[in-house]
Amino acid sequence: MASLVASAPEFTTNTSKLSHNVIQNTSRQDFATSGTADGFDFLVVADSHGYTKNKHYYTDRFNSINWKTFLADENWKDRLSQLCNKQEMSRLIGTTFSCVKIYETHFEITWIGDSSIKIYKKGHGFAQENGRAGSLLVWRSKDHDYDNEEDIAELRKDTTLRNINSAWDIQASTPDTMLSKKAKFFTFKDGERTNMTRCLGHRGSFSKLGMVTEIIPRDDEAFYKIVVATDGFWQVISDADTEFIVDNSSDVLTQTARNRWAQEWTHDNSQGTITPNIKIPSHNWDDVAVASWSN
């Protein structure tokens, strides 16, 4: 999560079928990978959090996994939960996890936490103002974040939940306007605390509602672009960036996000005050991880 104190350069089109990239900042807790297994391509992204001496537990562990083999196991989701939710692990650390398995006929999408997954289509049915074929966001994950009212309603029924506290977060509303938005922190009676309704880790406190898997059918004749990324990417990217996202691979997308963290913004505090030329302090830039696929 970042905060503000008192345009990214343009890139030429650079897209590849399968790619991933990570640019770490001070926390160094993002992870991304991509690859091809027997019968499917895959994208995996995770954003871990926590401030103990073991804060790199998840990034280190995920880097050690052979994902081609791991995801081919029909029980991989149970294995992942067991790996991440051990009771003997350090407290106050956790991780998001987002995975897309890409088959010829469908996409199998699994996630927990707030590392968003978005699917775009491009074609002549989505026209831009200049008459060229445009792109359209056709599916996105329903993230387990502080805006997930269904999850919040379920958490309120949990007698082990201690409280829900108000907080603030940021989100780009245009490529050069940053909006402050209301957020929440959730704390359980065991002291486990985070700003999401679900994630792995925390000795299982935030994974009671489980991971979600959805199957999305593919249109044989459609062009797709799938992007899986941590909030360090999506927080500085706006709806106006759709065509740029579709036209570029992960290395360009991560560098663009890093440039956005470093740029000057017009800050809208969502309470009636707009301030130009505001910069986010470098120690508060988020890590950025992106994995993408296109056909």
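A cavity, as I will use the word this morning, is a set of grid points where a 1.4 Å probe fits but cannot get out, and its lining residues are those with an atom within 4 Å of a point. Please keep in mind as we go that the structure in front of you is a predicted model.

With that in place, let me begin with the largest cavity, which holds about 30 Å³ of space and is lined by Leu155, Asp158, Phe188, Thr197, Ser205, Phe206, Lys208 and Leu209. Sorted by class, that lining consists of four nonpolar, two polar and two charged residues.

I turn next to the second largest pocket, whose volume is about 490 Å³. There are 23 residues lining this pocket, and those closest to its centre are Ser116, Lys118, Arg140, Gln171 and Trp234. Among the elements that give two or more residues to the lining are the strands β7 (117-127) and β8 (133-140), and also α5 (231-234) and α6 (242-247), while β9 gives the most, with three residues. In terms of class, the lining of the second largest pocket has seven nonpolar, six polar and 10 charged residues.

Finally, I would like to look at a single residue, Asn25, which sits in the loop between β1 (18-23) and β2 (30-37). Is Asn25 buried or exposed? Its relative accessibility is 14%, and because buried means under 20%, Asn25 counts as buried. If we set aside residues up to four places away in sequence, Asn25 touches Arg258, Ser282, His283, Trp285, Asp286 and Asp287.

Technical notes. Residues numbered from 1 in each chain as written. Predicted model: local features only at pLDDT ≥ 70, side-chain atom pairs only at ≥ 80, totals over all residues. Heavy atoms only, no water. 1 Å grid on protein atoms, 1.4 Å probe; cavity = no way out; pocket = protein on both sides within 12 Å on 5 of 7 lines; lining within 4 Å. Points joined across faces, edges and corners; volume = space filled by probe spheres on them. Nonpolar A, V, L, I, M, F, W, Y, C, P; charged D, E, K, R; others polar. Helix = DSSP H or I, 4+ residues; strand = E, 2+ residues; numbered from the N terminus. Buried < 20%, exposed > 50% of the residue type's maximum accessible area, 1.4 Å probe, protein only. Contact = heavy atoms within 4.5 Å.
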